[in-house]
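Biologist: I have a fold open in front of me, and I keep meeting words whose exact meaning I am unsure of. Could we go through them together?

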Amino acid sequence: MGYSLNFAAVWRSFDQLLEGLLLSLGLAFVSILIGAAIGLMVAFALVSKSAWLKTPAATYVTIIRNLPILVLVLFAYFALPQMGVRLGKIESFVAVLSIYSGAYLAEVFRAGLLSIPRGLTEAGLAIGLTPTQIRTSIITPLMFRNVLPSLSSTVISLFKDTSLAAAIAVPELTFEARKINVETFRVIETWIVTSGLYVATCTLLAALMRVAERRLAVPR
């Protein structure tokens, strides 16, 4: 084919890839924090006995989980300004990824809440704790311990989803790789290095989450 690998041009631009990787991690971190807060509130609504809480929460989860995230990204960046809502590239992507992750985390947290024995709530009431204190001091910490393995997979998946920010020119890792690709014409080398960065980062995140799982594991 006449194509010989030459990574020199890619290495010269490696700092751009690292800057893009840091932005990707930042996007994922902020979105997961906001999404976790959304997901926790929605999860409590899903297990609530009140139809006024359960119905809107279930509707939100159903709609968001059945929409491709790229459609949401494009809608937020291109359609919302037509409705008078203008956000920057990074802000609109963080908003979308937070809402998207909130819907998935809500289901993860819901399963965790349902796994908590009801006796713990009754014991909390018996010693004089309020329902809010029971949720914050007993139910939520135990729920997070129970769902940590599922949460790990969601965190890694959401980090990879940050690559979709390239569709609206957010300078994260995939966008920087595309730019280097256009500037150097080293297609194979650029995507080999970029893939390596994604694999290494996901592997590191998985290792960190496993450490957290072992430290927070409930003794049996």
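Modeller: Gladly; let us take the terms in turn and set each value against its definition.

Modeller: A note before we start: this is a predicted model, where local features need pLDDT of at least 70, side-chain atom pairs count only at pLDDT 80 or more, and totals for chains, interfaces and linings use all residues. Residues are numbered from 1 along each chain as its sequence is written, and side-chain values use heavy atoms, with hydrogens and water left out.

Biologist: What makes up the secondary structure of the protein chain?

Modeller: Nine helices and zero strands. Helices here are DSSP runs of H or I with at least four residues, strands are runs of E with at least two, and both are numbered from the N terminus. Read along the sequence, the pattern is therefore α-α-α-α-α-α-α-α-α. The C-alpha trace spans about 75 × 50 × 25 Å along its principal axes.

Biologist: Why is Thr154 called buried?

Modeller: Buried means under 20% relative accessible area, exposed means over 50%, and partly exposed is in between, using a 1.4 Å probe and protein chains only. Thr154 has 14% relative accessibility, so Thr154 counts as buried. Thr154 lies in helix α7 and is in contact (heavy atoms within 4.5 Å) with Leu105 and Val108, leaving aside neighbours within four places in sequence. Across the chain, buried residues make up 40% of the 220 residues.

Biologist: And why does Leu142 count as partly exposed?

Modeller: Leu142 has 28% relative accessibility, which falls between the two cut-offs, so Leu142 is partly exposed. Leu142 also lies in helix α7, and Leu142 is in contact with Ile116 and Leu120, again leaving aside neighbours within four places in sequence.

Biologist: How do you know that Ser4 is exposed?

Modeller: The relative accessible area of Ser4 is 51%, and exposed means over 50%, so Ser4 qualifies. Ser4 lies in the segment before α1 (8-12). Leaving aside neighbours within four places in sequence, Ser4 is in contact with Arg186 and Glu189. From Ser4 to Leu142, C-alpha to C-alpha, the separation is 55 Å in space and 138 residues in sequence.

Biologist: What is notable about phi of Ala169?

Modeller: Phi of Ala169 is near 65 degrees, a positive value in a residue other than glycine. Ala169 is found in the loop between α7 and α8, and with 29% relative accessibility Ala169 counts as partly exposed. Phe185 has a positive phi too, of about 60 degrees, although Phe185 is not a glycine. Phe185 sits in the loop between α8 and α9, and its 64% relative accessible area is why Phe185 is exposed.

Biologist: What makes a set of residues a nonpolar core?

Modeller: The members are buried Ala, Val, Leu, Ile, Met, Phe, Trp, Tyr and Cys residues joined through side-chain atoms within 4.5 Å. The largest such core has 57 residues, and those with the most contacts inside it are Leu17, Val42, Phe93, Phe109 and Phe159. Helices that each supply at least two residues of this core include α2 (14-46), α5 (89-114) and α7 (131-161). Not counting residues up to four places away in sequence, Phe93 touches Leu27, Val73, Asp161, Thr162, Leu164, Ala165 and Ile168.

Biologist: Why are α2 and α8 called roughly antiparallel?

Modeller: Axes are lines fitted to C-alpha atoms, for helices over the stretch in contact, and angles run from 0 to 180 degrees between N-to-C directions. Angles under 35 degrees count as roughly parallel, over 145 as roughly antiparallel, 65 to 115 as roughly perpendicular and the rest as oblique. α2 and α8 pack at about 160 degrees, with their axes 7 Å apart, and they are therefore roughly antiparallel. The contact is made by residues including Leu17 and Gly20 of α2 and Ala177 and Ile180 of α8.

Biologist: What makes α7 roughly antiparallel to α9?

Modeller: α7 and α9 pack at an angle of about 165 degrees, with their axes 10 Å apart. Over 145 counts as roughly antiparallel, so α7 is roughly antiparallel to α9. Among the residues making this contact are Leu148 and Phe159 of α7 and Leu205 and Met209 of α9.
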